[in-house]
Amino acid sequence: MISEGKIAEKSMDMIEININKDVLVVGAGFAGLDSAAKIAAQGYKVVFACKDAELPDSGDEFKKFVESGMVEIMTNTSLDDFSGVTGDFRATLAKGNERIKKNFGAVVAAPKYSFEPLNADYGVSLNGKVISQTRMEEILADPEEKEKLKAGDGAVFAFFNGLARELDPCSTERALRSILALQDIENCTAYMYAGNVKVASRGVERLFTEARNKGLVCFKPQEIPVVEQNDDYVKIIIQDPVIRKDIELDPDYLVIDELMNPGQENIETAVNLRIDADLDGFLPSNNVHRFPVNSNRDGIFVAYSPNDAANVALRVKELLGDGIKKVPMDRGVVDEKRCTICLTCYRCCPHGAIFWDNGAAVISTVACQGCGICASECPMDAIQIGTFSDDDLNENIDKAVVSAENDSPKILAFCCKNSAFEAAGAAEKFGIAMPAGFKMIKVPCAGKVDVELVMRALVDGADGVMVAACHEGNCKAEKGNIYAKWRVNEISRRLEAMGMDKNKVIFTNIASNMAHEFADKVNDFALKLKS
Amino acid sequence: MSNKTGTVMVVGGGIAGLTAAWELTRQNIHVELVEKSCFLGGHSIGFTCKASDKCQQCGACSVEEMLASVVNEPLINVHLRTEVKNLEKTDTFKVSLEKSSVQVEDGKVIKGFSVHNSPLYVAGKDCADDDLPSGAVKIDDMGSTAEIEVDAVVVATGFSPFDPNIKSTYGYGKWKNLITGMELENILRENTFAVRPSDGKIPEKIAFIQCVGSRDERLGNLWCSQVCCAYAMRMAGAIKYKDSNADISIFYIDIQNTGKEFPVFYEKIKSDVRFVRTIPVDIYPLENDRLTLRHMVEENGTPDFEEFDLVVLSVGIMPNEDTDKISKVFNIALNEDGFLDDNAAGTSGVFVAGTASGPQGIADTIASSGRTVYETMKYLGVIK
Ligand SMILES: Cc1cc2nc3c(=O)[nH]c(=O)nc-3n(C[C@H](O)[C@H](O)[C@H](O)COP(=O)(O)OP(=O)(O)OC[C@H]3O[C@@H](n4cnc5c(N)ncnc54)[C@H](O)[C@@H]3O)c2cc1C
Ligand code: SF4
Ligand code: SF4
Ligand code: SF4
Ligand code: SF4
């Protein structure tokens, strides 16, 4: 039975602390003003800081809050220094030579991004004939320029869309809206040269159908078209695979698609606030646990869209409430006498929860998520995690190994409470067959499992040890599973060096919803240990 | 604005309804959660993990986590196998609940996908008590006929997957190894590996056919379902990772993005899976329950035939089959695609969340449901 080996987590005492109720919004991205207004509406004071000299059109609601003083606007301002933790962030804002220090309970990152035309990908430069999508929209918005299109024989427009890069539905929608507007102008015709037409957004497929029904011809060439260009001439050549002939077009305008570009501001914001970005340079990291507006740091939220702004308002209200927050006491504790201020824990804490005081590292009770990575990495063994102290874990290991059935290999699995522990519990409850000698130890994150814990299980008499973590990219603590994997590799190396079977210890990834897969993995391991 | 009862009714317990219920309780609002079927979680509670060497951010485990939070939240009262019979608006809403018509076949026992489902098993009529797994509940004992009073209503009744019988040339239902994406999700969840329904063997050649029922002018379905490219590619990637012999083809019109970091994901999947830009015309059976697809070759427009061990129809997101009834009971207009119109919401006190209002994946559903809750709380005056 698994349940015997499941050792209960100690419950934790809670304490109430006072938190700051002001909110900092950084960045004049589309959702920044929206977030600021929605937060101010909840009665929290907002400082809205952005590098720009002027704000985009902000709407009446926002202006109302500015007038009433609930929103303070700081333009030409950047974040010079940033420290502290959720409920008590300390920011130094730089405006010219001025340095203004302010404290905040929560922070919203709403960095700007831009749209960049992809003409370089097609080897063309923008001129009067080769224009960007933005320029196209300007022409259509200007009655005079639009009038000119009507004169004469009309005009032929070619749109490039997603030929060199994967775009997004927003850019397809922009192109289609321009095309539909052109189709309403007498004698204007449009062609589209597309890669994957991105229609995965509400209403876009309908626009695409409408445009085709009104005469849009859409080519999907296998190769990027060849474009010949000079000042007053542009020609597009593609190969038609069916008739095996070149199809040539010399349009009056070639409209170049634009790609969303996170630019510098996103990365700067990530670095300043010590939050993760994804591979494309947008915030936060690509991890489902951040849905929809969380970052890896408690109290710092990310907003790009109207949906995000609404969610940010909910999160901020939940966090700040009436200024009092209940938090677990002693989630992680540093033994000041042992700490040598080596900075290891500060660097590896994924949630930015560690700071310095009186010559020792201090773990913030509010910001700490209790993952235990710092405790396993600290070279001085100076850190203990409240509900998963080394003493408790050692005791659990001893008990589990002693109680495991003897007739099959004794397997001890260290199971991350977010994934493997859930999957194993489900396997048990659904009655999926598991080896009789299987026992598990619940850990807050696989990143808490260190070499000593695994070795103890082996010394106690476990035939095999499994460290089961979330999939890479799915760790709530971002890298706990990667630390665990390194450590298991290290243990295998040591076992081998000692002349022991290195396959006694394995590392595996599993998701919380995969009971059968987890059982398969444990059963496989048991078979291997037997042979 | 009214906040008399301090209670909101959420109708539908998929990820949209679960998110809405959970978010409402974050602001101390009581929730009456009404779910038509015997289990919470909706379609996505049965999905598989699609990780390869990395998590592919499909969101399936987020649904699991949300369900766990909801069932442990004392402010949420769940009514399973229940529907709203009548809704009467005064300054609050007076709601009559009724047992839903959902049935379990006589003598059969069905099981929830998630361990957080409660009950875990539901038995049809004529099941001997001794044969029942522990904790099983009989279908006739489920369902609520309570009369409740609430301040506002969030309708999160979700979608129906496209019925592949409508595209008759594929012969769904006739050939054993022709399945839908929904079935493949469940197979992978319960078996770890992809297996053929006909013999339980691991298929070597697998085809996915995209846009089944979506983006189809003939059917009048002028929308992209937004999720089927993502789930097909992610499942293909997961299958390939576990079985490097798998030979997988995806037949498609346009590939849609999966979410963050799509360019990196797409480059990788292109090296694992063959992409063929055409939609097969029809499917014929062969010996050994194999199937042959007929499609037009992109390069020269001539027909080609290709054999597969397993064919997966990437069915899309259609309006809930009960939409007409829902629209009447809750007095919500339909949009031009036949989903519930979420623009009208705001003053009436009835709000729409999730795929009930149109196609979206789990991540978008979570985000948009948060927004729906924001609007609902504004209506209640709980937030300003
Ligand atoms: C094959 C397939 C695979 C997919 N894979 C993914 C994926 O990997 N990743 C991803 O992000 N998205 C995926 N999706 C999309 C995902 O399923 C949806 O985003 C999600 O299920 C939407 O949740 P929902 O709550 O809006 O609707 P649903 O999941 O449909 O839930 C609606 C709930 O409401 C209940 N209900 C219905 N009518 C009533 C009524 N009248 N009264 C009371 N209750 C009612 C239903 O029983 C159900 O429980 C996939 C979709 C399909 C079709
Ligand atoms: S890792 Fe340990 S020794 Fe180093 S600073 Fe942190 S607590 Fe101190
Ligand atoms: S337990 Fe985790 S979150 Fe807490 S301080 Fe240590 S590393 Fe940071
Ligand atoms: S692939 Fe999906 S289910 Fe698996 S870990 Fe990632 S998000 Fe969770
Ligand atoms: S997501 Fe892909 S398969 Fe689904 S309807 Fe859109 S284009 Fe077709």
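This report walks through a predicted model, taking in its domains, the interface between two chains, three ligand sites and a few backbone details.

## Domains of chain A

Let us start with the layout of chain A. Four domains divide this chain: domain 1 covers 20–112 + 263–320, domain 2 covers 115–260, domain 3 covers 325–385, and domain 4 covers 390–530. Domain 1 of chain A is thus written as two segments, 20–112 and 263–320. Between the C-alpha centres of domain 1 and domain 2 of chain A there is a distance of 37 Å.

## Where chain B meets chain A

On the chain B side, 71 residues make contact with 62 residues of chain A. Together the two chains bury about 5,900 Å², and carbon and sulfur atoms account for 49% of that area. Three residues stand out here: Q57(B), K260(B) and E261(B) provide 12% of the area that chain B buries against chain A, more than any other three residues.

The polar side of this interface is worth a look too. There are 10 salt bridges across it, along with 37 residue pairs in polar contact, counted with both residues at pLDDT 80 or more. Several helices of chain B give two or more residues to the side that touches chain A, namely α1 (15–26), α2 (60–71), α3 (181–191), α5 (262–272) and α7 (362–380). Of these, α7(B) gives the most, with nine residues. By class, the chain B side of the interface has 29 nonpolar, 19 polar and 23 charged residues.

## Ligand 1

Now for the ligands. Around ligand 1 there are 33 residues, and the closest are E35(B), H43(B), T355(B), Q360(B) and I362(B). Two of these closest residues also appear in polar pairs with the ligand: an N or O atom in the side chain of T355(B) lies 2.6 Å from an oxygen atom of ligand 1, and the side chain of H43(B) places an N or O atom 2.7 Å from an oxygen atom of the ligand. The backbone takes part as well, with an N or O atom of K36(B) at 3.1 Å from a nitrogen atom of ligand 1.

## Ligands 2 and 5

Ligand 2 sits among residues of chain A, including C339(A), C342(A), C345(A) and C378(A). Also in this shell are V334(A), I341(A), L343(A), M380(A) and I383(A). The shell comprises 10 nonpolar residues and two polar ones, with no charged residues.

Ligand 5 is surrounded by residues of chain B, among them C211(B), C224(B), C228(B) and C229(B). Its shell counts five nonpolar, five polar and two charged residues. Strand β13 (205–212) and helix α4 (228–242) of chain B each contribute at least two residues to this shell. One of the shell residues, D254(B), also reaches across to the other chain: D254(B) forms a salt bridge with K220(A), and their closest N and O atoms are 3.0 Å apart.

## Backbone details

Finally, some local geometry to check in your viewer. F291(A) and P292(A) are joined by a cis peptide bond with omega at about -20 degrees, and P292(A) belongs to the loop between α7 (263–273) and β19 (300–302) of chain A. In chain B, a cis peptide bond links S118(B) to P119(B), with omega about 5 degrees. P119(B) lies in the loop that runs between β6 (109–111) and β7 (121–123) of chain B.

E478(A) has a phi near 65 degrees, a positive value in a residue other than glycine. This residue is placed in the loop between β27 (464–469) and α14 (480–497) of chain A.

How values were computed
Residues numbered from 1 in each chain as written. Chains lettered and ligands numbered in written order. Predicted model: local features only at pLDDT ≥ 70, side-chain atom pairs only at ≥ 80, totals over all residues. Heavy atoms only, no water. Near = heavy atom within 4 Å. Helix = DSSP H or I, 4+ residues; strand = E, 2+ residues; numbered from the N terminus. Nonpolar A, V, L, I, M, F, W, Y, C, P; charged D, E, K, R; others polar. Domains from an automatic or database assignment. Contact = heavy atoms within 4.5 Å. Buried area = accessible area lost by both parts, 1.4 Å probe. Salt bridge = Lys/Arg side-chain N within 4 Å of Asp/Glu carboxyl O. Polar contact = N/O pair within 3.5 Å; in protein donor to acceptor, adjacent residues only side chain to side chain.
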